[in-house]
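This briefing guides a first reading of the structure shown below. Please keep the sequence and the model in view while working through the points.

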Amino acid sequence: MRPDIIVIGGGTVGAAIAYGLAKQRQQVLLLDGDDGDFRAARANFGLVWLQGKGLGMPAYQVLTRDSIALWRGFTNEIEAETKIDLAYEQNGGLAFCLGEEGFEKRRHDLMRLHNQRGERAPDWAMLDRSALERLLPKVALGPNVTGASFGRHDGHANPLRLLAALHEALLRHGGGIRHRARVERIEPVGRDFRLILDGETLVAPRIVIAAGLGSPALARQVGLVVPLRPERGQVLVTERLEPFLPLPASGLRQTGEGTVMIGATKDNPGFDVSTTAEAAAGLSRKTIEIVPALAQVRLVRQWAGLRIMTPDGHPIYAQSQSHPGAFVALCHSGVTLAAFHAETLAGAIAAGGLPENLSPFHQRRFDVPQAA
Ligand SMILES: Cc1cc2nc3c(=O)[nH]c(=O)nc-3n(C[C@H](O)[C@H](O)[C@H](O)COP(=O)(O)OP(=O)(O)OC[C@H]3O[C@@H](n4cnc5c(N)ncnc54)[C@H](O)[C@@H]3O)c2cc1C
């Protein structure tokens, strides 16, 4: 059957949009590349996170907040449909502070963010060391820990199960998925888009480009210039431990299975997913400063992934002006924004256009007038 819409890219972003479109009774086909591609969806940390996000871009603060408000209902629905437990918990989240200066800086940064929108009451609080100790009775904190910021809306989930559930739910709603289906070229033909794959051509009246770092080359062919760069993030994982950390922290979270995830670094070596001893040492040092007992546990894994970064770090959502019906969706917080992508964004794409409140996310914000 000819699809109403083809989504290119089966990572967390593309899969969430495709699932949402299928729920809107669209005939959806999801095309995904292969294991040689850079795949952020299989490398991420699993935070569903608000605190600290959106400085300089109030619309991103709102978007993140809206997505998190949808997350519980989204989880209940997709778990009921697929029987896959996303392990979503929303008990709040922490950002540990080291030294008095670190504590004051965190308060100051969050206050700036808060004032940006002039809301009535902050949805975060600064916890001093004794309040933190009461919250984490099983953690012996390092001597330099002065406290933490506590974000009420923060949480975490299992990102690999999320990806599997999105694929499964898409199929249950009548959508199709093709793996190892790399789109090599897009040709606009009349009101349709012809997608050229290896030895095959597919046609649809609408397409969504959500191919992560593979997106710029595709988007250009439908008149969308999307500037992206890869940002490497490295993560460490420990052996399974008895539960001791009841809520996630930025850079430290205990999974339902008991492993502790530590991360993630940020650097820019280009398209390079190698892991380094330097990153492992830096992450370990920082973690041991917060929880000294973790110096004794075994590390069982280290990996690196590439974040999908725009020049200002905020998402791109746009429809092509020259080729209406072609959309692009890119971001570096695809887990946090999954509920928004599946519910709100997919609904707008199904209706044929993006609403005005998403205009701050158009890629034209990066258009720089050429110097004469
Ligand atoms: C270290 C790290 C930690 C992170 N932590 C978090 C976190 O805690 N919380 C959070 O919300 N987010 C986090 N993220 C970000 C999150 O992982 C991504 O936003 C998310 O995976 C969505 O990515 P995506 O679907 O856009 O791209 P990807 O997952 O990279 O998927 C893109 C897909 O497109 C396919 N593709 C590429 N080119 C083509 C083509 N030509 N034709 C067909 N298919 C193609 C690829 O095969 C791939 O499967 C983290 C990322 C990293 C790297």
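A residue is called buried if its relative accessible area is under 20%, exposed if that value is over 50%, and partly exposed in between. Asp312, for example, has a relative accessible area of 32% and is therefore partly exposed. The model discussed here is predicted. The points below treat the ligand and its surroundings, the salt bridges, one buried arginine, and two pairs of residues.

**The ligand and its surroundings**

- The ligand is surrounded by 38 residues, and the closest of these are Asp32, Asp37, Ala41, Gly334 and Thr336.
- By type, the shell around the ligand divides into 17 nonpolar, 15 polar and 6 charged residues.
- Two polar backbone atoms may be noted: one of Gly33 is 3.1 Å from a nitrogen atom of the ligand, and a backbone N or O atom of Phe38 lies 3.3 Å from an oxygen atom of the ligand.
- A side chain also takes part, since a polar side-chain atom of Arg182 is found 3.4 Å from a nitrogen atom of the ligand.
- The ligand taken alone exposes 1,000 Å², and the protein buries 96% of that area.
- Helix H1 (12-23) and strand S16 (299-309) are the elements that give two or more residues to the shell around the ligand.
- Strand S16 supplies the largest share of that shell, with 4 residues.

**Salt bridges**

- How many salt bridges does the structure hold? The structure holds 22 salt bridges.
- One of them joins Glu133 to Arg129, with the closest N and O atoms 3.1 Å apart.
- Both Glu133 and Arg129 belong to helix H4 (residues 129-135), where they are 4 residues apart, or about one turn of the helix.
- Glu133 has a relative accessibility of 35% and so counts as partly exposed, and Arg129, at 26%, is also partly exposed.
- Another salt bridge is formed by the side chains of Glu200 and Arg178, at 2.6 Å from N to O.
- Because Glu200 lies in strand S11 (residues 200-204) and Arg178 in strand S8 (residues 176-178), this pair ties together parts that are 22 residues apart in sequence.
- Glu200 is partly exposed, with a relative accessible area of 29%, and Arg178 counts as partly exposed at 29% relative accessibility.
- Asp312, introduced above, meets the side chain of Arg365 in a salt bridge of 2.8 Å, N to O.
- This pair links distant parts of the chain, 53 residues apart: Asp312 is in the loop between S16 and strand S17 (316-319), whereas Arg365 is in the segment after helix H8 (338-351).
- Arg365 has a relative accessibility of 27% and therefore counts as partly exposed.
- Salt bridges with shared partners also join Lys23, Glu77 and Glu343 into one network.

**A buried arginine**

- Arg253 is located in strand S14 (residues 252-254).
- Which side chain of opposite charge is nearest to Arg253? It is that of Glu257, at a distance of 7.0 Å, and Arg253 is buried yet has no salt bridge.
- A salt bridge requires a side-chain nitrogen of Lys or Arg within 4 Å of a carboxyl oxygen of Asp or Glu.
- The side chain of Arg253 does have backbone oxygen atoms as partners: a polar atom of this side chain lies 2.6 Å from the backbone oxygen of Phe45, and the side chain reaches the backbone oxygen of Ala157 at 3.4 Å.

**Two pairs of residues compared in sequence and in space**

- Gly325 is found in the loop between S17 and strand S18 (326-330).
- Is Gly325 buried or exposed? Its relative accessibility is 5%, so Gly325 counts as buried.
- Gly325 and Gly353 are 28 residues apart along the chain, and their C-alpha atoms are separated by 8.3 Å.
- Val28 belongs to strand S2 (residues 28-31), and Val28 counts as buried because its relative accessibility is 3%.
- Val28 and Ile6 are 22 residues apart in sequence, and the distance between their C-alpha atoms is 5.8 Å.

Notes
Residues are numbered from 1 along each chain as its sequence is written. This is a predicted model: local features need pLDDT of at least 70, side-chain atom pairs count only at pLDDT 80 or more; totals for chains, interfaces and linings use all residues. Side-chain values use heavy atoms; hydrogens and water are left out. A residue is near a molecule or strand if one of its heavy atoms lies within 4 Å of it. A polar contact is a pair of N or O atoms within 3.5 Å; within protein, one must be able to donate a hydrogen and the other to accept it, and residues adjacent in sequence count only if both atoms are side-chain atoms. Accessible areas come from the Shrake-Rupley method with a 1.4 Å probe; for residues, only the protein chains shown count as cover. Ala, Val, Leu, Ile, Met, Phe, Trp, Tyr, Cys and Pro count as nonpolar, Asp, Glu, Lys and Arg as charged, and the others, Gly among them, as polar. Buried means under 20% relative accessible area, exposed over 50%, partly exposed in between (1.4 Å probe, protein chains only). Lys and Arg count as positive and Asp and Glu as negative; His and the chain ends are not counted.
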